[in-house]
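Let's take a walk through this protein together, with the coordinates open beside the text. Have your viewer ready to jump from residue to residue.

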Amino acid sequence: MKVNAAELGATKLWYDKPAAGWSEGLPVGNGRIGAIVMAAPEREVWNLTESTYWSGQADETASAASGGKAALAAIRERLFAGDYAGGDRLAKQALQPPKRNFGTHLAMCDVVIEFAPSGEPSETETGAVNGACSPFRRELDLSTALLTTTSGQPGSTLVRELFASHADDVLVSRIWSEAAGGVSFTLGLAGLTPEFEVSASGMAALEFRGKATETVHSDGACGVRCRGRIELDTRGGSLYVQNDRLVVRGADEACIYLTVATDYRCESRSWELAPRLQASLALSKGYDQLKADHLADYEPLFRRVSIELGPSEEAAKLPTDQRIRLLRQGYSDPQLFALFLQYGRYLTLAGSREDSPLPLHLQGIWNDGEACRMGWSCDYHLDVNTEMNYYPTEVVHLGESQQPLTRYLEDLARAGQKTARDVYGSPGWVAHVFSNVWGFTDPGWDTSWGLNVTGGLWLAMQMIEHYRFGLDRVFLEKQAYPVLREAALFFLDYMTVHPKYGWLVTGPSNSPENHFYPGRPEEGCWQLSMGSTMDQALVRELFTFCLEAAELLEEDVELRSRLSSAIPLLPPLQIGKKGQLQEWLEDYEEAQPEHRHLSHLFALYPAHQITPEETPELAAAARVTLENRMQQDELEDIEFTAALFGLFFARLYNGDRALKHISHLIGELCFDNLLSYSKAGIAGAETNIFVIDGNFGGTAAIAEMLLQSRPGGNIRLLPALPAAWPTGRVTGLRAKGNAEVDLAWEAGRLSSAVVRTYSPGTFTLSLGDRRVTFEAKAGGEYRFDGALTLQNG
């Protein structure tokens, strides 16, 4: 089979061998329904997921017994006095709830299709290839979101095409053969939760029902229910049901339509009818119309951004898994990074559309089953993971995909009002280290990691990002400001004045999920302290933005006064005795210098509180922090840490260092299907676990190397271009201030730039030491040459 290298370089993942398991399967999704497709010549398995299929329930928490402000004051008194053991003991009594039915996202079932080349249903269970020389290929075209598998000899080639339609909310597959009557297979279902039933519906359909239950994160009885339907439509041959499996013999073509619904947040039983109705609609439309509508819905969004990072002619002719291995060995493959960025955009569209019922969780909308069976849970981690899922969304021109996160934050803020009141005796809202689909906002069930008091606030920073990119005043007034205002009210009431420094500080709180030595190591290490750097950077971002928003909206005069008084009392970012950016208010010694989290560098990215131009001393301290962490022989080397290194070095304008870490992410911390993972043995992981934040963090880092923007119309072009990408182009990246940017460069130097502005304002372009400022109008297009000379306007 001939391969067009230019076509494949940045838009296709492809393989010439079967998928041996989940980590080699390819993901599809429509923002709600997802599947990992594991294809082999004689077998295909769809590991089916649905974003709302969760175990657990909305339990009444025990937070009302926490003791409120009196308990908080007692804990703080111990911590201020340096009695960390006493503070931790009191915190465990007052702020450590029991684990109840928190729940986890679960995979639903496997759709198993077994092909019979002879025309008889195959009994093959292993997916082994009959005839090693028989041509085989499977590919995922990111530009169309079509997954295609071909197998067999010329003249009798079997072709399978599959997509997840957002337009029609259905998973669709068409199977056809070059040979007349060459399509024969059986299709069955294997449930992945204890309660799962399959039954035939007539002679051309299967129906299934299940319940998301498990016993690690809930009691094994509570969870979301599902119902689904698989409808087959064939041309030629025969179709019948045998032992609750659909059997196709000697057909020319077969089309499969899969629909599913759950009772999540459903007050009536109408959801039970939805799968049959959706399948009927899909069947009446037919495959060709469904595909046309899918492409019309998907392609315009994907085509917003194009990227070329230099030639990879030879590498692009190779299967994706081979390209990953060659990158690991040091081979140059610029277009693999372009592919990785476009893959991140594809995964965003597959997992988080504007009408998705929920935002992306730890594994997007997919699930390899590993986090569910251990202490992690496949949930919403609020101490970098869920945030990182949305780090690239705005810059890669998919801002609509933030909408499910916005709605989730609005729900989280409502749920967090009870926690703020009961746990801390404060107004407003708060959420801690993680959450679920049931509105969990309490501290986690261990103070060593569960008292990350700014977890919900960190996630809410995405609302600020969405506004700064799009300048949507209605969004600011109706959604972002109400949520952030209530968060500000909480922290204004909750924070306290440090008796020694006079600073306004948070606490007791964690610096996720790290711990420190307050004195000599033999005296023990602790996790709780007052005023951790991460907390203070987030609160500064919150207060500053709320003050600006209230002034713009001409609201909350009294709140503006309180914020104006509070901001100068916030602790400054500090440099420690080793030249590093301090992670805590005091210059504590790190108990685990190889730790995976780098949360205190939030001030560098995604915030702009540290920049090489305006705060060079702090930028140098951030660099020291990164160097110290990287020098550790036992560095906790996982996907989000590698992505963070790339992002931080991009913000420090060191493109070669950024590229080194993103190369490591792709080459060492991604499965063959390019999905990122967390290594076994770290943070209690029992095996390599798929965690999608590395895909999104890496996508954000690549974009950050090419374009950076700050509030106020400040846009920096090619800020961290590595030497390995001397020639390239990118179109359609977004910048803060409601602008869009195209770039082209040759021999490592900018050759042209185009800025399209959708809101009026003053913009400043930066390229190295060069600056140009111009006044822009809404709907304007401004072209610049490599010296930033305006060519029109």
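**Around Glu394**

In this predicted model, Glu394 touches Gly399, Gln402, Glu465, His466, Phe469 and Arg734, if we set aside its neighbours within four places in sequence. If you want to find Glu394 along the chain, look in the loop that runs between helix 9 (385-389) and helix 10 (403-424). Is Glu394 buried or exposed? Its relative accessibility is 7%, and because buried means under 20%, Glu394 counts as buried.

Two of those neighbours deserve a closer look. The side chain of Glu394 makes a polar contact of 2.5 Å with the side chain of His466. The side chains of Glu394 and Gln402 are also joined by a polar contact, this one of 3.3 Å. For a sense of how the chain folds back here, try Tyr467: 73 residues separate Tyr467 from Glu394 in sequence, yet their C-alpha atoms are 9.8 Å apart in space.

Now let's turn to the rings. There are 37 aromatic pairs in the structure. One of them joins Phe490 and Tyr494, which are stacked, with 5.0 Å from centre to centre and 15° between the planes. Both residues belong to helix 13 (residues 473-494), where they sit four residues apart, about one turn of the helix. Phe490 and Tyr494 are both buried.

Tyr494 has another ring partner, Phe491. How are the rings of Phe491 and Tyr494 arranged? Their centres are 6.1 Å apart and their planes meet at 85°, so this pair is edge-to-face. Here too the helix sets the spacing: Phe491 and Tyr494 are about one helical turn apart because they lie three residues apart in helix 13. Phe491 is buried, as is Tyr494.

Tyr494 also has a charged neighbour. The charged end of Arg76 sits over the Tyr494 ring, 4.8 Å from the ring centre. So in one place you can inspect Tyr494 with a stacked partner in Phe490, an edge-to-face partner in Phe491 and the charged end of Arg76 over its ring.

Two further stops complete the tour. Arg345 lies over the face of Phe302, and the distance to the ring centre is 5.2 Å. Elsewhere in your viewer, select Phe102, Phe434, Phe440, Trp445 and Trp449: ring pairs link these residues into a cluster.

Technical notes:
Residues are numbered from 1 along each chain as its sequence is written. This is a predicted model: local features need pLDDT of at least 70, side-chain atom pairs count only at pLDDT 80 or more; totals for chains, interfaces and linings use all residues. Side-chain values use heavy atoms; hydrogens and water are left out. Rings of Phe, Tyr and Trp (its six-membered ring) pair if their centres lie within 6.5 Å; planes under 30 degrees apart count as stacked, over 60 as edge-to-face and the rest as tilted. Helices (H or I, at least four residues) and strands (E, at least two) are DSSP runs, numbered from the N terminus. Buried means under 20% relative accessible area, exposed over 50%, partly exposed in between (1.4 Å probe, protein chains only). A charge sits over a ring if NZ of Lys or CZ of Arg is within 6 Å of the ring centre and within 35 degrees of the ring normal. Contact means heavy atoms within 4.5 Å. A polar contact is a pair of N or O atoms within 3.5 Å; within protein, one must be able to donate a hydrogen and the other to accept it, and residues adjacent in sequence count only if both atoms are side-chain atoms.
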